[in-house]
Amino acid sequence: MPNPDRVELVRKRLGLTKIGFADLLGVDRKVIQRFEAGQAELPEHALNNLIEASKYPIEFFSGPSPEYPNPDGVSFRSLRSLTARSRDASQAAGSLAFMFDDWISDRYGRPEANLKLVPMNEPNPVEAAARVRAHWGIGSRPIGNAINLLETNGIRVFSLAEETRHLDAYSLWRDEKPYIFLNMTKTMERTRHDAFHELGHLVMHRHTGSKHKMAEFEADTFASAFLMPEEDLKAEIPYFRSLDHLIEKKRRWGVSAASLNFALNRIQRISDWNYRGNYIALGKIGKSVEPNPLPPETSQIWTKILRDLWTRGLPLSRIARELNLPEKELNDLLFGIASTLDKPQVEREPHVV
Ligand SMILES: [Zn+2]
């Protein structure tokens with residue numbers, strides 16, 4: 001008999017309400033209700049329809065009840081405009097990420113969370129960013145690969161691939177393990193900002209939650225200060241020259257021109273007047289277009305693990321089978337974070353004549 005909790009998980013992944021789900025399965029909504037309450041079996045034709053539409057193998061549905069991200073510990077960006085269905089779909093993706101992550105943890109050691117000695121709930125975001133930087137030994141240097149930095153310090157990073165236009169990213173603590181889910185379909189500059197915005201939530205709002213009014217502003221300020229420490233900004237940009245100069249300089253910190261403009265205004269290196277002029281000029285270029293864009297960044301840890309698994313005869317398709325998941329779900333969780341090609345490019349052996 002299928003586990004109702006697993007059926008519900010797939011319903012959420014499909015982004016369906018209970019009514020839409022009943023339609024998909026070709027049954028009355030009451031049948032679903034009784035099934036979820038453990039009062040009735042799911043008719044065979046409904047189960048067949050579910051398997052066909054979801055591409056989940058039948059074995060998936062008889063597994064144990066899934067673990068969901070604790071909603072209190074999850075910080076969603078743009079919470080207000082986010083529909084319940086998008087939120088459910090991305091939380092269900094979190095649940096799948098736990099299954100995948102645990103499977104990997106059984107086979108590979110990865111760094112533990114290196115945030116233990118950082119005081120949690122530091123109320124000042126600029127101070128909190130400086131403390132994490134100091135603890136990670138990066139001083140005021142610019143951040144190279146953001147995903148690598150997070151992973152090296154024990155944060156598990158996954159991708160949000162579903163069509164969640166209103167969802168930029170989310171993060172959570174699962175016991176002592178911090179997770180960050182990133183929307184990898186944006187510009188790299190936006191993704192990097194999102195990554196450290198979520199780090200800010202993990203560090204500053206672990207115990208207070210991130211639903212209070214100032215939480216989003218605090219996380220944004222954390223990200224700005226983390227990516228662009230004041231000391232380095234001041235040394236590199238002693239005075240404002242032109243927007244073109246900002247567009248050239250922004251590559252140093254891997255931020256958008258708009259973020260750099262904002263940060264320079266925050267430390268008063270740019271007057272309000274020039275800040276507004278730049279803001280308007282950048283708006284004309286377009287919000288989703290980044291001038292002088294960064295190349296994509298990917299995870300070294302995931303790339304190494306996937307290569308190793310592949311050489312052991314465990315490409316992603318095999319892992320998906322072991323977890324009874326559609327391969328697409330694993331691909332989506334790693335989308336833009338690691339190359340999930342079944343056949344990774346293997347470095348060529350030196351040619352021996
Ligand atoms: Zn947030």
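Here a colleague and a modeller talk through a predicted model.

Colleague: Happy to start with the metal: which residues coordinate the zinc ion?

Modeller: In sequence, the donor residues follow the spacing H-x3-H-x14-E. The coordination distances run from 2.1 to 2.7 Å, and the glutamate is listed with two OE entries. The residues are His 197 (NE2), His 201 (NE2) and Glu 216.

Colleague: Thanks! What is the arrangement of the four donor atoms around the zinc ion?

Modeller: Four donors count as tetrahedral if all angles lie between 85 and 135 degrees. Here the four donor atoms subtend angles of 52 to 137 degrees around the zinc ion, which makes the arrangement irregular.

Colleague: How many residues apart in sequence are the parts that His 201 and Glu 216 tie together?

Modeller: His 201 lies in helix H8 (residues 188-204), while Glu 216 lies in helix H9 (residues 215-227). The pair therefore ties together parts whose separation in sequence is 15 residues.

Colleague: And is His 201 buried or exposed?

Modeller: Buried means under 20% relative accessible area. His 201 has a relative accessible area of 3%, so His 201 is buried. For contrast, Glu 216 has 26% and is partly exposed. The value for His 201, then, is 3%.

Colleague: Now the interior: which helix gives the most to the largest nonpolar core?

Modeller: That core has 94 residues, and Phe 100, Trp 136, Phe 196, Leu 199 and Phe 226 touch the most other members. Among the contacts of Phe 196 are Ile 143, Leu 150, Phe 222 and Leu 227. With eight residues, the helix that gives the most to this core is H5 (residues 84-105).

Colleague: How are helix H2 and helix H3 oriented to each other, roughly parallel or roughly perpendicular?

Modeller: Helix H2 (residues 18-25) and helix H3 (residues 29-36) have axes 8 Å apart and pack at an angle of about 105 degrees. Angles of 65 to 115 degrees count as roughly perpendicular. That makes H2, relative to H3, roughly perpendicular.

Colleague: One more pair, please: is Asn 261 buried or exposed?

Modeller: Asn 261 sits in helix H12 (residues 257-266). Beyond residues up to four places away in sequence, Asn 261 touches Leu 246, Ile 270, Tyr 275, Asn 278 and Tyr 279. Its relative accessible area is 1%, so Asn 261 is buried.

Colleague: Lastly, is Thr 185 buried or exposed?

Modeller: Thr 185 lies in the loop between strand E4 (177-182) and H8. Over 50% counts as exposed. At 56% relative accessibility, Thr 185 is therefore exposed.

Conventions
Residues are numbered from 1 along each chain as its sequence is written. This is a predicted model: local features need pLDDT of at least 70, side-chain atom pairs count only at pLDDT 80 or more; totals for chains, interfaces and linings use all residues. Side-chain values use heavy atoms; hydrogens and water are left out. Donors are N, O and S atoms within 2.8 Å of the metal (3.2 Å for Na, K and Ca); water is not among the atoms, so sites may look incomplete. Four donors count as tetrahedral if all angles lie between 85 and 135 degrees; four count as square planar and six as octahedral if opposite donors are over 155 degrees apart and all others between 65 and 115; anything else is irregular. Helices (H or I, at least four residues) and strands (E, at least two) are DSSP runs, numbered from the N terminus. Buried means under 20% relative accessible area, exposed over 50%, partly exposed in between (1.4 Å probe, protein chains only). A nonpolar core is a set of buried Ala, Val, Leu, Ile, Met, Phe, Trp, Tyr and Cys residues joined through side-chain atoms within 4.5 Å. Contact means heavy atoms within 4.5 Å. Axes are lines fitted to C-alpha atoms, for helices over the stretch in contact, and angles run from 0 to 180 degrees between N-to-C directions. Angles under 35 degrees count as roughly parallel, over 145 as roughly antiparallel, 65 to 115 as roughly perpendicular and the rest as oblique.
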